[in-house]
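Biologist: I would like a close look at one part of this model rather than a tour of the whole. Please pick a single element, go through its residues and its neighbours, and give the reasoning behind each label.

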Amino acid sequence: MTTPPAPDTPPWPNRHPRYTGGNHPQPPQRLRWLHPAADIALAVGLLVIDIIAPLIVFVFGLDAAGYQMFDPAADNSSVSLTRPFAYVAVVGGIFLLSAVPLFMARTFISFGVQVLTGLVLVLVAVIGINDADRNSHPQPVPVSPSINPGAQCRSGGDNSECGGS
């Protein structure tokens with residue numbers, strides 16, 4: 001015969017609070033999602049940062065390139081915009097990298113806004129760098145194939161139609 005345990009003693013052995021006993025697996029843990037209103041508020045806050053940060057970085061890039069903003073007599077025609085747009089491309093890449101933790105946190109609205117903003121910034125920067133490079137290295141004017149350099153071709157055909165050939 002066994003004697004019952006004293007009423008003040010804990011059950012032996014102590015169990016884990018989530019242990020259900022037997023061969024029953026533990027229930028799957030559900031990840032909590034951020035409320036949609038909080039996700040939208042986070043997306044709007046990040047969008048404000050996403051608008052202000054590239055503008056500040058572009059102004060710093062202009063300053064680093066030698067652009068004189070507040071000097072009306074300064075000749076800024078030789079300043080290349082390649083460096084400011086490169087800075088904007090780096091900020092766009094940072095925004096794309098910052099979307100990864102948002103995805104892991106299951107804030108899909110904020111994730112989408114960050115990815116879209118990062119892609120737009122990188123695309124604008126690549127187009128701006130391409131345009132700045134093209135403006136700083138213009139294509140040479142083609143030379144007329146005729147013997148007389150001042151002669152013009154009449155219809156744009158072969159060399160026999162050009163005057164002086």
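Modeller: What follows is an account of the third helix and what it touches. The model is a predicted one, and the values below are computed from it.

The setting is brief. The protein contains three helices and zero strands, and from the N terminus on its elements run α-α-α. Of its 165 residues, 19% count as buried. Among contacts between residues at least 6 apart in sequence, 55% join residues at least 24 apart.

Helix 3 covers residues 108–136, and one of its residues is Gln114. Gln114 has 3% relative accessibility; it is buried because that value is under the 20% cut-off. Its side chain is in a polar contact with the side chain of Ser98, at 2.7 Å. Beyond the residues within four places of it in sequence, Gln114 touches Leu46, Asp50, Phe95, Ser98, Ala99 and Leu102. Leu46 and Asp50 are among the helix 1 residues that meet helix 3. Helix 2 is made up of residues 82–104, and the Ser98 that pairs with Gln114 falls in that range.

Now the packing of the helices themselves. Helix 2 and helix 3 have axes 8 Å apart and pack at an angle of about 160°. That angle is over 145 degrees, so the two helices count as roughly antiparallel. Helix 2 passes helix 3 in a left-handed crossing.

Helix 1 meets helix 3 in another way. Their axes come within 7 Å and cross at roughly 20°. That is under 35 degrees, so helix 1 is roughly parallel to helix 3. The crossing of this pair is right-handed. From helix 1, the residues in the contact include Pro36, Ile40, Ala43, Leu47 and Pro54. From helix 3 they include Phe108, Ile109, Val113, Gln114, Thr117 and Leu121.

To complete the set, helix 1, which spans residues 36–65, packs against helix 2 at about 155°, with the axes 8 Å apart. Helix 1 is therefore roughly antiparallel to helix 2. Their crossing is right-handed.

Further along helix 3 there is a charged pair. Side chains of opposite charge can pair when their charged atoms come close. Asp131 and Arg134 form a salt bridge through their side chains, at 3.7 Å from N to O. The cut-off is 4 Å, so the pair qualifies. Both residues belong to helix 3 and sit three residues apart, about one turn of the helix. A search of the whole structure returns one salt bridge. Asp131 is partly exposed because its relative accessible area of 36% lies between the limits of 20% and 50%. Arg134 is exposed, since its 51% is over 50%.

One pair lies outside helix 3. Arg32 is in the segment before helix 1. With a relative accessible area of 80%, Arg32 is exposed. The C-alpha atom of Arg32 is 9.0 Å from that of Ala105, although the two residues are 73 apart along the chain.

In short, helix 3 carries a buried Gln114 with a polar contact to Ser98, and a salt bridge between Asp131 and Arg134. Helix 3 is roughly antiparallel to helix 2 and roughly parallel to helix 1.

Note on methods: Residues are numbered from 1 along each chain as its sequence is written. This is a predicted model: local features need pLDDT of at least 70, side-chain atom pairs count only at pLDDT 80 or more; totals for chains, interfaces and linings use all residues. Side-chain values use heavy atoms; hydrogens and water are left out. Helices (H or I, at least four residues) and strands (E, at least two) are DSSP runs, numbered from the N terminus. Buried means under 20% relative accessible area, exposed over 50%, partly exposed in between (1.4 Å probe, protein chains only). A polar contact is a pair of N or O atoms within 3.5 Å; within protein, one must be able to donate a hydrogen and the other to accept it, and residues adjacent in sequence count only if both atoms are side-chain atoms. Contact means heavy atoms within 4.5 Å. Axes are lines fitted to C-alpha atoms, for helices over the stretch in contact, and angles run from 0 to 180 degrees between N-to-C directions. Angles under 35 degrees count as roughly parallel, over 145 as roughly antiparallel, 65 to 115 as roughly perpendicular and the rest as oblique. A crossing is left-handed if the near helix is turned anticlockwise from the far one by less than a right angle, and right-handed if clockwise.
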